[in-house]
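Subject: Structure for your review

Dear colleague,

Please find the structure below, handed over for your own work. My notes on it follow directly after.

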Amino acid sequence: MKYARFIFTFLLTLLLILLLNAKIPFLISTPAGSLPPIGRFVDPFHGFWNNADQAKIKSDQLVKIPDIRQAVTVYYDQQMIPHIFASNNYDLYFSQGYVTAKDRLWQMEFQTLAAAGRISEVIGLKGLNYDRLQRRLGMVYGAENSLKAIMADPVSREIVIAYTAGINAWIAQLKAEDLPLEYKLLDYKPESWTPLKVALLQRSLSKVLTGETEARALTANLHKFGPAVINDLFPDFKFIESPVIPTGTKWNFKNRLSRVPENKALVNNLLTGYKTPSANRPLPFPEKLAALKISGTVKTFELLKNPDYQPSLESSVKEHIDGIGSNNWAIDGTKSADHHAILANDPHLTLSLPSIWYQIQLNAPGINVYGVSLPGAPGVIIGFNEHISWGVTNVGADVLDIYRINWLPGSKEKYLYDGKLFQVRKRKETIMIRGGQTFTDKVSYTLFGPVVYSSTDFKSNGEQFPDDHAIRWVAHDSTNEVKSSYLINRASTYAEFTRGLEYFNSPAQNFAYADDKGHIAQWVNGNFPIKRKDQGRFILDGSKKEDTWGPFIAHDDLPHVLDPPRHFIASANQSSTDSTYPYYLNWNFGNSQRSMRIDDLLTKMVNANTDTLRLMQTDIYNGYASLILPDLLKNLRQDKLTVLEIAAFKILSRWNLQNEADAISPSIFESWAKNLSRDIWDEFKDPELMLPSRDRTIHLLLKEPESIWFDNQRTPIRESKSDIINSSFKRSIDSLIKNNGRQIANWKWFEIKKTSVKHLLNIDAFSFENLQLGGGSNIIDALTARTGPSWRMVVEPGQTGKAFGVYPGGQSGNPGSFYYDNLFDYWLKGKLFTLLFMKTEADNQTINSRMILKPGTL
Amino acid sequence: MKYLFLFLILLVAQYYGPWYLIAIVPFFICSTFQSKPAADFLFTLVTVFILWFLVALFKDFRNQSLLSGKIAEMFHLHSTYLLIVVCSLTGAVIAGLGALSGNYFRDLLRVKK
């Protein structure tokens, strides 16, 4: 009896300890995956309670660090933004790594693990498919190539090594109980930072901004409808738009190559060799060639160095979600009240927490720059210094192409290219899975790049690349964006700035520029392969030399403009140029409404100041509605409407075309426009096809009222434009009633749009949901359900106290910190903080605290 | 007195050691100093409850319940105080069981003599 009760109690205690000390995947599922080890997590001495930061910031700190060279002072301002003053470059970037890790370690590591396809190490088997796709996309391959370029240059090499050492110095002193909260939730520990992680992070940005192509969907469209229809509905240029580089800009080519001849056979080839996109019929393979000797394994890299080889990868950097995009613009002195140039930028991304950006000031001999950095990458990406300011938007050029490979029959190892046989190179990808398992993938690399999906072991499920096709993508090339940041951050003139741009190759960006001399400029900047017209619009033929990419367009020849006669520059993801630019960049740029609105406002602008541009960033005028709504309302047959539909009609008729947060009209209009587009383009509803753009829909509505496309395929009668407008209106009201009730007052735009800024692990308690925000897709303030301005900045370069900015969130990545979301309120209200730009260390009157990093051992 | 001793030892031990010391320390103390099983269980439970409660409360106060509010929401608890009570109770029960095991273990040794 005594034995029994002891053994029972003892075992019970032991069992409970073991249970509460382990991650229990099978008990309750939380959004983070599974429960954290409860005992460890709730322990008030080491658990989550240790991440409950004090409201009061600690006063000045002295930290001794072994591998720093000279003392560095970090001034933290009222928003806990670090202002680093170092006496040499090494210490500067070391300190940037150190302070960034201090605030954002979990985020920067998690994002690089995700980029590298290593999420399974943290979340187990459910991450495997994600990891495999990342590996097969060549994310690590691309990062390794990029790292080679970074390490080959002594400047970027020193920066990356210093930055890495700084992060590792932070990790080294970190005790288990001080680990960021997410490590405790997911129960793992940080590993050492490496230079490769810097490259991985930049490649993950390339993936977000350039990792998509419509070639597969448009090829499917081509097979279904034929070239005439596709050329009509999917034109290379919008019927009305204002390109990034203003029409009329002269192209002064220094290095212009002879243009690649137009290949009329392209479309025909596709139609004969590729009858049904789903059947994936192999190309006819000449039998006698099969007897040829294998030409040897050729690395893509060797081919790129071969001048005869014309790399042929085009990527359509089309943004995934319609309406995500970014704005930048600058006005020169003729438009501003005090005759100085002013620049504004708001890059739109999927909004997440910890905040995407990290504000920082970097000061050392030769550099004094302020702006936002990406946690995990050295330098400042968007910002300003004493003389210049710059901001970016995505270009959206076609820098990722799909190639159908002419495989040797019965093989997925050998293929025909330009009449010669080649063998794929295998890249082994080992994925470690939490719990001890390992998964090995062997990814085939062709001359073009990796075979992402494979009919034998990684089947595509209607994704953007078909099985057994290879991709060519600029993100696989050796580029050195670290060097670009280095040069741009230090630039004080336009010439120095453009030198820095030469190193910024992927993801291609529209760089807006303004300086203290009053110059303004815009560059469509990045690696763009020279292509024939429309090359890469459809799936390309991987056996043909002429389908491979040409060399990249020389930097001097990239579309750019300095001090245009219209006195402003602007970009909003629209077409880079008009049709006079000799090189083909893409057919599918962003819709034109946002950029047209920006141009409209800037054209009329006089006597502007920084606040004028701030207000413009929060403009919520619905350009789409302004174009089509009058016509839609005119076509509504009011005698056929129900009482509720008439009420909705009346509200819409009185609308001021502003997508205000608590207005009803935007809800009705957006729902109507969506249904209208689906009903018009019902022929394209098959998920493998793609719909024509919004701009094309506008043209159809306004200029082609008799078009056959208005007809609904499912009915025997022929519907007119008016029929479709009426039926889609009724359907929209029905769906609004179904989802939001019969009370029209409850159809507030923000409640339907539901803008959320979510924590990277989708934990609701760490997120902000259903925010009371207006705006919308293709509106300057482009707030959609998950995307929007990730950073808003307005700068008058060279003028003290005239730099402003805000992002959703805060400097700290810790949900238990008061600085996790302290900037949020200003962002919600469209307000900007005055950014503290310290010219010297003496400008420290308003700082909160300082941290001194000194050489020495702890 | 025994439990005050336990409180102080745990306060120090917990700073340096893992959380399950809250079971190990009472095990040894209760297998050394004799008490009734019910008393060992209950008083250890209360002692550790108070220890964890106070430490958590202190950290929560400094943080103005910013984090505890979020963690409470994550665990579907409706108040930060409920969260502190649940957390403290978790530790307290384990500690009580550790104490009880120690008490029974002492009993076992005595029989052997």
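What share of the contacts in chain B with a separation of 6 or more comes from residues 24 or more positions apart? In this predicted model, such residues account for 72% of those contacts.

The secondary structure of chain B consists of five helices and zero strands, so that its elements, read from the N terminus, follow the pattern α-α-α-α-α. Chain B has 113 residues, of which 46% count as buried. Along the principal axes, its C-alpha atoms fill a box of roughly 55 × 25 × 20 Å.

In chain A, I would draw your attention to a helix and a sheet. Helix H20 of chain A comprises the 16 residues 665-680. At 1.5 Å a residue, taken over one less than the number of residues, H20 of chain A should span 22 Å, and its end C-alpha atoms are indeed 22 Å apart, which agrees. This helix is mostly covered, with 13 of its 16 residues buried.

The sheet in chain A is open and has three strands, in the order E13-E14-E15, with antiparallel pairing. Strands E13 (406-407) and E15 (420-423) of chain A stand at the edges; each has a single partner strand, and therefore one side of each is left without a neighbour in the sheet. Strand E14 of chain A, residues 414-417, pairs with E15 of chain A in the antiparallel sense over four bridges. Within this part of the sheet, A:Leu416 stands opposite A:Leu421, the latter in E15 of chain A.

Yours sincerely

How values were computed:
Residues numbered from 1 in each chain as written. Chains lettered and ligands numbered in written order. Predicted model: local features only at pLDDT ≥ 70, side-chain atom pairs only at ≥ 80, totals over all residues. Helix = DSSP H or I, 4+ residues; strand = E, 2+ residues; numbered from the N terminus. Buried ≥ 20, exposed ≤ 12 C-beta atoms within 10 Å, placed from the backbone. Pairing = 2+ DSSP bridges. Contact = placed C-beta atoms within 7 Å.
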